[in-house]
Amino acid sequence: MAQAGRRWQRSLFPWLLQWGFTQCSTDPCVFTAERQINGKPQRLIIGCYVDDLFTLYSDDGVGSLYEAFTSDLAARWNVEDEGPVSDLLNVDISRDAGHVLLQQHKYIAHLVDTYAPDGVPASFHK
């Protein structure tokens, strides 16, 4: 089923546009939507990778844009919310006090193992 992700995107992308999202001109797998709800601006950013959606939202409360989107998405397809993301495409994601931290410890360790198996050369130290 190598084409399953592509078929999903062919169905999903038009639906996102119809729902009111704007497709990013520099990355066709990223969509944004903004609406005023109860006088408050709300924003959704959706990233699609194969058959996974990564959703960023400004508000997830009752009556929010996020709640409306996830409700409509679940009504259209059999989807499940896997909760807060902790890693995406080898990037570790953590949250603390309203901040998001992105780290690539595993990738950096892999680069060191590959290109400096004997340790970081002294010339790299300051």
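This is a short talk on the aromatic pairs, salt bridges and one surface patch of the chain above.

Hi everyone, thanks for coming. Please keep in mind that what we are looking at is a predicted model. The mean pLDDT of the chain is 88, with 97% of residues at 70 or more. Confidence peaks in strand β1, residues 22-23, at a mean of 97, and is lowest in strand β5, residues 87-88, at 84.

Let me start with the aromatics. The structure holds eight aromatic pairs. Take tryptophan 8 and tryptophan 77: their ring centres are 5.0 Å apart and their planes meet at 75°, so this pair is edge-to-face. What I like here is the reach along the chain. Tryptophan 8 belongs to helix α1, residues 4-19, while tryptophan 77 sits in the loop between α2 and β5, and the two are 69 residues apart. Are these two buried or exposed? Tryptophan 8 has 16% relative accessibility and counts as buried; tryptophan 77, at 15%, counts as buried too.

The two tryptophans also have company. Trp8 and Trp77 join Trp15, Trp19, Phe21 and Phe69 in one aromatic cluster. If you zoom in on tryptophan 19, you will find arginine 35 lying over the face of its ring, 4.2 Å from the ring centre.

Now to the charges. Side chains of opposite charge can pair when their charged atoms come close. How many salt bridges does a search of the whole structure find? It finds two.

One of them joins arginine 43 to glutamate 34, with the closest N and O atoms 2.7 Å apart. Arginine 43 is partly exposed, with a relative accessible area of 40%, and glutamate 34 is exposed, at 56%.

The other salt bridge brings lysine 40 and aspartate 59 together, at 3.6 Å from N to O. Lysine 40 is in strand β3, residues 40-49, and aspartate 59 is in the loop between β4 and α2, so the bridge ties together parts that are 19 residues apart in sequence. Lysine 40 counts as partly exposed, with 43% relative accessibility.

Last stop, the surface. Tyr107, Ile108, Leu111, Val112, Tyr115, Val120 and Phe124 make a nonpolar patch of about 720 Å². Let me pick out isoleucine 108, which is found in helix α3, residues 105-115. Why does isoleucine 108 count as partly exposed? Because its relative accessibility is 48%, and the partly exposed class lies between 20% and 50%.

That's my tour. Happy to rotate the model to any of these spots while we chat!

Terms used
Residues are numbered from 1 along each chain as its sequence is written. This is a predicted model: local features need pLDDT of at least 70, side-chain atom pairs count only at pLDDT 80 or more; totals for chains, interfaces and linings use all residues. Side-chain values use heavy atoms; hydrogens and water are left out. Patches are made of residues with over 30% relative accessible area and no salt bridge: like charges are joined within 9 Å, nonpolar side chains (Val, Leu, Ile, Met, Phe, Trp, Tyr) within 5 Å. Accessible areas come from the Shrake-Rupley method with a 1.4 Å probe; for residues, only the protein chains shown count as cover. A salt bridge is a side-chain nitrogen of Lys or Arg within 4 Å of a carboxyl oxygen of Asp or Glu. Helices (H or I, at least four residues) and strands (E, at least two) are DSSP runs, numbered from the N terminus. Buried means under 20% relative accessible area, exposed over 50%, partly exposed in between (1.4 Å probe, protein chains only). pLDDT is the predictor's confidence in each residue, from 0 to 100. Rings of Phe, Tyr and Trp (its six-membered ring) pair if their centres lie within 6.5 Å; planes under 30 degrees apart count as stacked, over 60 as edge-to-face and the rest as tilted. A charge sits over a ring if NZ of Lys or CZ of Arg is within 6 Å of the ring centre and within 35 degrees of the ring normal.
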